[in-house]
Amino acid sequence: MSKSLGEMTNEELWQLFPIILEEHNPAWKEKYIEEKALLEKVIGKSNIKQLDHIGSTSIPNIIAKPTVDILLQISDDADVEQLFNNMLTAGYGYCKVPKNPAPHLTFLKGYTQQGFEGQVFHIHVRYGGDWDELYFKDYLSKHPDIADEYGKLKLELKSQFKHDRDGYTYAKTNLIMKVNSLARQELQNL
């Protein structure tokens, strides 16, 4: 009997779900719009402060993991326990991130015991706020030269960290922090 995803070690998961990069696909925007409609139904529009397509799939002409990241900002009075249960019922898996306390929750879709299946989504649930991801997206969308630099870095790192998602993410940190700083200076009060 094979292990469930929740029973697998990071190393086992990284073998099953390697780093994959693709050229920008305009269909990712449509996938976001479809998933946004589903989230509004599952969560209830009254509980949602804002929904945004974030991450590299939201940035034109940049190489990306084919994962549609969505920032779901919830209202301060949203019932987090009900939201949690509704997301699980709707087919999302919960990704526990201990250093990010609720409601900084992450839900995933598109991961199976056989590997990736269909479109992969990461839903990042937080209270409304001034989040770096929005600055990052807008800055790279306005600065294709920096977006290209980021894409080249990701290609280099893929060869080093194909089966080490934490290593891949950590190795991008310095450039991401630099971009976030530049973005906040240029795009104040996004």
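1. Tyr-150 is buried, with a relative accessible area of 4%; buried means under 20% relative accessible area, exposed over 50%, and partly exposed in between, with a 1.4 Å probe and protein chains only. The residue sits in helix α5, which covers residues 144-161. Helices here are DSSP runs of H or I of at least four residues, strands are runs of E of at least two, and both are numbered from the N terminus.

2. What does Tyr-150 touch, leaving aside its neighbours within four places in sequence? Its contacts are Ser-56, Ile-62, Phe-136, Leu-140, Lys-172, Leu-175 and Ile-176, where contact means heavy atoms within 4.5 Å. Ile-62 lies 88 residues away from Tyr-150 along the chain, yet their C-alpha atoms are separated by 8.3 Å.

3. The reader should keep in mind that this is a predicted model, in which local features need pLDDT of at least 70 and side-chain atom pairs count only at pLDDT 80 or more, while totals for chains, interfaces and linings use all residues. Residues are numbered from 1 along each chain as its sequence is written, and side-chain values use heavy atoms, with hydrogens and water left out.

4. Two of the contacts of Tyr-150, Phe-136 and Leu-140, are themselves buried residues of α4. The buried residues in that helix are Leu-134, Tyr-135, Phe-136, Lys-137, Tyr-139 and Leu-140. Their cover includes β1 (48-54), β2 (67-74), α5 and α6. A lysine is on the buried list, namely Lys-137.

5. The structure holds six salt bridges, a salt bridge being a side-chain nitrogen of Lys or Arg within 4 Å of a carboxyl oxygen of Asp or Glu. One of them joins Asp-132 to Arg-184, with the closest N and O atoms 2.8 Å apart. This pair links distant parts of the chain: Asp-132 belongs to helix α4 (residues 132-142) and Arg-184 to helix α6 (residues 165-186), 52 residues apart. Asp-132 is partly exposed at a relative accessible area of 32%, and Arg-184 is partly exposed at 27%.

6. A salt bridge within one helix is formed by Asp-148 and Lys-152, with 3.2 Å between the closest N and O atoms. Both residues lie in helix α5, four residues apart, or about one turn of the helix. An α-helix has 3.6 residues a turn, so residues three or four places apart point the same way. Asp-148 counts as partly exposed at 41% relative accessibility, and Lys-152 is partly exposed with a relative accessible area of 49%. Elsewhere, salt bridges that share partners join Asp-130, Asp-132 and Arg-184 into one network.

7. Toward the N terminus, the side chains of Glu-12 and Lys-3 meet in a salt bridge of 3.0 Å, N to O. Glu-12 is partly exposed at 31%, and Lys-3 is partly exposed at 36%.

8. Two loop residues are exposed. Pro-26, in the loop between α1 (10-16) and α2 (27-43), has a relative accessibility of 61%. The C-alpha atoms of Pro-26 and Ile-59 are separated by 9.8 Å, with their positions 33 residues apart along the chain. Asp-76, in the loop between β2 and α3 (80-89), has a relative accessibility of 57%. Asp-76 and Glu-12 are 64 residues apart in sequence and 37 Å apart in space, C-alpha to C-alpha.

9. For the chain as a whole, the secondary structure comes to six helices and five strands, running α-α-β-β-α-β-β-β-α-α-α from the N terminus. The radius of gyration is 17 Å, which agrees with the value near 16 Å for a compact globule of 190 residues; the radius is taken over C-alpha atoms, and the globule rule is 2.2 Å times the number of residues to the power 0.38. The C-alpha atoms fill a box of roughly 45 × 40 × 30 Å along the principal axes.

10. Of the 190 residues, 42% count as buried. Among contacts between residues at least 6 apart in sequence, 65% join residues at least 24 apart.
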